[in-house]
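Me: Please take a close look at one buried spot in the model below, and then work outward from it to its surroundings. I would like a connected account that keeps to what the coordinates support.

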Amino acid sequence: MTIRVGEVIAVNGTKITLRIDEDSSKETLFYGGEKYKGVSIREYLAIQRGFREIICIVEGEFLDEARVESANGKVGYIRKVEARPIGFFDHTGFKQGIKYLPMIKDAAFLLQEERIASIFDRAGSAKPFKIGRMLKEDIAVSLPWKRLFNSHIGIFGNTGSGKSNTLAKLYTVLFEQKFSAIADKSRFVILDFNGEYTGNQLVPGESKMVYSLATKAPNAGVEQPPGAVFPLKAEEFWDLETLSLLFQATPNTQRPFLNRVIDGRRRYEKNPGSLTAFAKKKFRDAFSAGHPKAAALDLMRSVAKIVENDALIDLLKEVSWHSHQSKFMRGHTFFDPDGEEYDAEIAPTVETLDATNLDAFDQLLLRVTLQLIGDLINGYVQFDHIQPLVKRVESSLSNLRKVLTVGDAAAPDKLLTVISLRRCNNETKKVLPLLFAKHYYNSHKDTVATPPDKTVHLIIDEAHNILSQQSTRESESWKDYRLEQFEEIIKEGRKFGVFVTIASQRPADISPTIVSQLHNFFIHRLVNDRDLFLIDNTITTLDSLSRSLIPGLAQGSCVVTGTAFDLPMVLQVDRLDRDKQPASEDVDLEQLWSEAADAPA
Ligand SMILES: Nc1ncnc2c1ncn2[C@@H]1O[C@H](COP(=O)(O)OP(=O)(O)OP(=O)(O)O)[C@@H](O)[C@H]1O
Ligand SMILES: [Mg+2]
């Protein structure tokens, strides 16, 4: 049952021109109980060619100059339509791609709605995976979830265009439909910069672990609620990669230095008193070295402070550096390399030093300080090269202590982990995501089989926070390092079953290497030229017609394209139920500013 609407009058390359019969310009037509869409732009037509139907999308419409007079004397114009073939139906169903082209005089027909749906709805499974309806056709289509979640996904759009809703909808539907099947095979981790997913979203509470990390909260003496700090295992913390990343160590001098610190710890790990002994030894070395170093004095003062030994702090105040003699002195006493003066004046107080009850962070600070004293005396390092690292350790410790714990406990293994960085300062926001990404990537990579028997899905909303190429606040080398780490995950991750979903307002700010590695895209309204240019250049599956719609899309509409989809389509994503929506709603000024709201009850 089909409606004939016209016939082919020109074929030029892949551009088809059709002459359209008089009355097929209605918006919607009903025929034989079926609903059809009239011929207009972005609608689909079927052109009969033998036993195949070639499907074309309408890209333009115009009137021919020539007047025609019909038999009953009515004057009309010829209506022409330009169309582009996108695929064909044969006895097995829809096939995407231009394989057959129509010829002149082939007849064109309207397509029933359900056949249009079958072009896009290619999930081919019993359980449909629906997150929305096609914008123009208003048909709910099922997404090919198998191919979609087996890929890196990008969700882009200006602020307020509905990215977070789309992201949340995508995963809410996934969890609703496949929950029992994925619960013990896959893990999902959301890096949530704005605390949008810490409530009821996505999955029921028992399958969700939420970490609300805060550097701004008061810390001292307060019992931390579960989820206030992220647990790192000791071996993961005392790892070159972790420490380099947390303290942004430079590769050529600071990393080897950190490596020596870690090595030193590992060697004496079993012996609980070793750190205290190590500290005492460094005091002796500093005072009685053949060539003492002035810088060691400040470092020793830091040590005294870290172990909170007041007697030692006071004693060191009396010590000074005599630059002429290149020796330490106290009162009129010079400290000579033989150690005699040290034994008499300093050693008894140093003996009271105790470093056994430090937490991992203080231990780290102590170890780097002691290592620096030792390396300085031995002439291994230049003070100026390492000191910035020590300062960085010192200054970030109080922040890190608020968001991390180091111990034996591993993070609980829930289906979904949400790590909210909403209440973290900017510095922490830059460093922690990298740590978490590495944490999940490495631990997964080390245990996964080939081919992967489990997967990890890393979801980053507001990804420009960490994947942006333009950032003036951090050093060039650190930025490169940061991006490299994510690029590695995105380039190599697929082989290990690690998939990344990123959402961002400014795709143009995100490293092009990363955007070009994404497979599937949900593109909401974007107006900035730079963003559109990037979209044009990196998304090969986007056609010009869909591309031209992007600046004008409404809230929640997006162009969906990529390797999982044969053809780009425009989708109006369903809005989630109120309690499932990400906490990112527009302000309702009418309500906020209404007088009733403030009036005393
Ligand atoms: N599919 C939709 N249908 C209707 N309204 C929507 C839809 N998606 C989002 N909205 C509304 O648009 C507003 C913003 O949505 P959302 O937070 O998802 O945008 P966003 O692109 O993530 O913005 P931002 O970049 O600021 O995070 C919300 O108030 C939401 O209720
Ligand atoms: Mg958002």
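Reply: Apart from its neighbours within four places in sequence, Lys-438 is in contact with Glu-241, Leu-245, Ser-443, Gln-485 and Glu-488. This is a predicted model, and everything that follows is computed from it. Lys-438 belongs to helix H14, which covers residues 426–447, and this lysine is buried, with a relative accessible area of 7%, a value that falls under the 20% cut-off for that class. The contact list thus includes two glutamates, Glu-241 and Glu-488, as well as Leu-245, Ser-443 and Gln-485.

A second buried residue of interest is His-457, which is placed in strand S21 (residues 455–461). Its relative accessible area is 6%, so His-457 counts as buried. With residues up to four places away in sequence left out, His-457 touches Phe-149, Ser-186, Arg-187, Phe-188, Val-189 and Phe-499. Two of these partners, Phe-149 and Phe-188, are also members of an aromatic cluster, in which ring pairs link them with Phe-129, Tyr-171 and Phe-175.

Phe-188 deserves a closer description, as it joins the histidine to that cluster: Phe-188 touches His-457, and ring pairs tie Phe-188 into the cluster. Phe-188 sits in strand S13, residues 186–192, and is buried, with a relative accessible area of 2%. Beyond four places in sequence, the residues that Phe-188 touches are Tyr-171, Leu-174, Phe-175, Ile-182, Leu-415, Leu-416, Thr-417, His-457 and Ile-459. Among these, Ile-459 is 271 residues away from Phe-188 in sequence, while the two C-alpha atoms are 7.3 Å apart in space.

The wider set of aromatic contacts can be set beside this cluster. The structure holds 19 aromatic pairs. In one of them, the ring centres of Phe-287 and Phe-335 are 4.9 Å apart and the planes meet at 55°, so the pair is classed as tilted. This pair links distant parts of the chain, with Phe-287 in helix H7 (residues 274–288) and Phe-335 in the loop between strand S18 (333–334) and helix H10 (340–345), 48 residues apart. Phe-287 and Phe-335 are both buried. Rings also take part in arrangements with charged side chains: the charged end of Lys-146 sits over the ring of Trp-145, 5.9 Å from the ring centre, and the charged end of Arg-367 sits over the ring of Trp-238, likewise 5.9 Å from the centre.

Two backbone positions call for care if the local geometry is to be examined. Leu-202, in the loop between S13 and strand S14 (208–214), has a phi near 70°, which is a positive value in a residue other than glycine. Glu-308 also has a positive phi, near 55°, and is again a residue other than glycine; its place is in the loop between helix H8 (295–306) and helix H9 (310–317). Their surroundings are unlike in one respect, since Leu-202 is buried, with a relative accessible area of 3%, whereas Glu-308 is exposed, with a relative accessible area of 65%.

The cysteines can be treated briefly. Cys-56 is buried, with a relative accessible area of 0%, and Cys-424 is buried as well, with a relative accessible area of 1%. With sulfur atoms within 2.5 Å as the criterion, the count of disulfides comes to 0.

Finally, the overall setting. The protein has 21 helices and 25 strands. Its radius of gyration is 33 Å, well over the 25 Å that the globule rule gives for 601 residues, so the protein is more spread out than a compact globule. Along the principal axes, the C-alpha atoms fill a box of roughly 125 × 60 × 50 Å. Buried residues nevertheless make up 51% of the 601 residues. Of the contacts with a separation of 6 or more, 70% are between residues 24 or more positions apart. The accessible surface comes to about 28,300 Å², and 49% of that area belongs to carbon and sulfur atoms.

How values were computed. Residues are numbered from 1 along each chain as its sequence is written. Chains are lettered from A and ligands numbered from 1 in the order in which they are written. This is a predicted model: local features need pLDDT of at least 70, side-chain atom pairs count only at pLDDT 80 or more; totals for chains, interfaces and linings use all residues. Side-chain values use heavy atoms; hydrogens and water are left out. Rings of Phe, Tyr and Trp (its six-membered ring) pair if their centres lie within 6.5 Å; planes under 30 degrees apart count as stacked, over 60 as edge-to-face and the rest as tilted. Helices (H or I, at least four residues) and strands (E, at least two) are DSSP runs, numbered from the N terminus. Buried means under 20% relative accessible area, exposed over 50%, partly exposed in between (1.4 Å probe, protein chains only). A charge sits over a ring if NZ of Lys or CZ of Arg is within 6 Å of the ring centre and within 35 degrees of the ring normal. The radius of gyration is taken over C-alpha atoms; the globule rule is 2.2 Å times the number of residues to the power 0.38. Contact means heavy atoms within 4.5 Å. Accessible areas come from the Shrake-Rupley method with a 1.4 Å probe; for residues, only the protein chains shown count as cover.
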